[in-house]
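Let's take a walk through the charged side chains of this model and see which of them pair up. Have the structure open beside you as you read.

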Amino acid sequence: MPKLPKPPQRPRKNVVFEDVLARLDAHERPYDREYLTSVYEFTRDMHQGQVRRSGEPYIIHPTYVAYLLADLKFDQTCVATGLLHDVLEDTKIDKQVLEEKFGAEVAELVDGVTKIGQQEYVRRDEAQAETFRKMILASAKDLRVILVKLADRLHNMMTLEHMSPDSRRRIAGETLEIYAPIALRLGMSKLQGDLEDLAFYFRYPRQFAELETGIRQKMKVARGLLQRLAGQLGDSLSAAGIEAEINYRVKRYYSIFRKLRRQEVDISQLYDYLAFRVITEDLKDTYAAFGVVHQNWRPIPGRFKDYIAMPKPNLYQSLHTVVIGEKGQPFEVQIRTREMDLVAEEGIAAHWQYKDQGAESGDPNILWLRQLLEWQKEVQDPREFLSALKIDLYPDEVYVFSPKGEVYSFPRGATPLDFAYRIHTELGHRCSGARVNGKLEPLKTPLKNGDMVEIMTGSGRKPSRDWLNLVVTSRARSKIRHWLNTERKRESEAIGRRLLERELKKLRQSPRKVLEGERMKEYLSREGLGQIEELYQRIGYGKIPLKRAVERLVADADLKSPEPGPLRRAVDRLLPGAGPVTVKGASDLMATLAKCCDPVPGDELVGFITRGRGISVHAATCPNVKNLNLDPERLIDVEWARKAESAYPVSLAIETEDHTGILARLTEVIAKESSNIRHFEADTTDTGRGVMSVVVEVRNRKHLDKLCRAIDAVKGVLVVSRSSGGGARKRRPPAKEGAR
């Protein structure tokens, strides 16, 4: 297995408290030595006797977190919080003690970091979603909360080998999905790169080893080329009278890995893996240097980006271009001033200044967090919040203009409808069409860089559920969903009332007498409903079965008889007994496994109330769950029945090298793992790879994971994943975060 990647200037070793102070001194950050020493000694005493999973004393972890924060040039308060960040969670000390000893500010920050990890949820996806909701809320008040959490995650990633294999894969995946993008969103590209490369190593160890070996071999040949190119570039800039610092590097491993997967090529076909950085003294020299580069090397069309004129939302500024060097070797050149380089590398650490009143509210990173804080109030479901947060985290932006010339940035794929909701909620609600660059375009049209967008409105226009499939921004989705939910409640209330009254009339009951009687009050109290309107809404949604509600409300002697009467028999026919899945708190509801994802025992489940077909049960990571989350009112908790041991079909997607005999090896491995093959298809791609689709029978998740590992170990297998509906996915069982 390859050696772990070492983050630049952050050697993988245990640091001591004096190293923390040395980093503060090196970056000329003011601090009170006596104060920080007392914080360290208190932390050491509180964690006395505690050890990490590696067997090392626990004090190593908070000390290293503080070291990372000092290395990132943050202030004394942030460093003190890093030292204390686990005290409230892992010891008996309370917040009041911290406030008395180290001040209210530090106590509040430590409390904020502690609350992020505390969960009351059973479901892993809900717990993860709520963690990030809390992180955003706490960080909107003081950004240092998220900075401590990022440093904490980085050190845990650096020591992740002490966790179980499944935990390593889960935590690494979470880091790639959330923590690294947050670091990038805050402009901290060095920290982001460290997190990504470590997560890449633990999430895809075999692919990491192959990539590292391939890059090392390429660099043996390319090192001389890099030196020649650097010399030529330096001479050309000097001849043009431009003073600049030039350095070069191999791009980050995870960045290369993503490019290989996106382009569906292997390491032998990778050419664009080298990057030069030109650091100039002033702005005018950046554009002059750009001209020199294009005079000396042929540029690749479409690969020039001017982030100086149009900075990224995280304040990143630079000129990017890709040119062709000798022997057809492409390489990237980034050109920026020294100040821009500092912001690009350190992000918020470079331009963030803490004052007596707190953070600068005009900082774009804080504005982003405040926007998240606003719309999250309208999102009740934590998983829905997490899905929207992921969209906002990825910085692949497009820039468009309003008719007044104002510039707005959006995630790639945004539509005129996103633009309308960005301007004003009512403009979005009444949007009837859009002109893009003066031409009428459908609302589903993806916006491109430089588009000028004008929104048209109609007085009778209103949002529809289809609009949720036309937008990508969290703001637009939350505004549309809020409007739909409000309208749906009104509609469901009317439907529920009409259905209930009609059913009561069929039983020759007076709707007014039943609905306004004491039995109704008792029923509402028993169901935990405050008002009868809530009952109507739930019946209208389908969340409370109509016949069950009538059964509870009507004083029918038949229902109290030891022998089931006609109404009871009718209900029993409509709602058969429990199968492999049961609905929590309502064992009489019919639940069926969805065919799109074929969940198996051990999978986390999501139940969705259908209209007239009972409960449809999906695996929590089924691609269709994203659409189900559009209507959270119809989600319901489901669980596997205790006796659920039978064969379940699961679809697997296997990507292989085109080797002779690989089909035989695969079928042999599947048979050895006591799994039956129901269906098997194989094909080859244009790149010469084998693509196989196989439906196997498994008993549960544990059996499935064991089978996938066995298939993954077959020579020539590149990727094995569980396919469902519209795509493939990989899933692992939960484990506790961190390497403590």
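R336 and D341 are both buried. Do keep in mind as you look at them that this is a predicted model. The two side chains form a salt bridge, with 3.1 Å between the closest N and O atoms. They have plenty of company, for a search of the whole structure finds 28 salt bridges.

Here are some of those pairs, side by side:

| Salt bridge | Closest N to O | Burial |
|---|---|---|
| R336 and D341 | 3.1 Å | both buried |
| E174 and R153 | 2.7 Å | both buried |
| D705 and R701 | 2.9 Å | both buried |

Where in the chain do the partners E174 and R153 sit? E174 belongs to helix 10 (residues 165-185) and R153 to helix 9 (residues 144-158). With 21 residues separating them, this pair links distant parts of the chain. The bridge itself brings an N and an O atom to 2.7 Å, and each of the two residues, E174 and R153, is buried.

The pair D705 and R701 offers another setting to explore. Both residues lie in helix 30 (residues 701-712), where they are four residues apart, about one turn of the helix. Their side chains meet at 2.9 Å, N to O, and D705 is buried along with R701.

Which residues are linked with D705 and R701 in a network of salt bridges? D603 and R722 are, so to speak, the other names to look for: D603, R701, D705 and R722 are linked in one such network.

Conventions: Residues numbered from 1 in each chain as written. Predicted model: local features only at pLDDT ≥ 70, side-chain atom pairs only at ≥ 80, totals over all residues. Heavy atoms only, no water. Salt bridge = Lys/Arg side-chain N within 4 Å of Asp/Glu carboxyl O. Helix = DSSP H or I, 4+ residues; strand = E, 2+ residues; numbered from the N terminus. Buried < 20%, exposed > 50% of the residue type's maximum accessible area, 1.4 Å probe, protein only.
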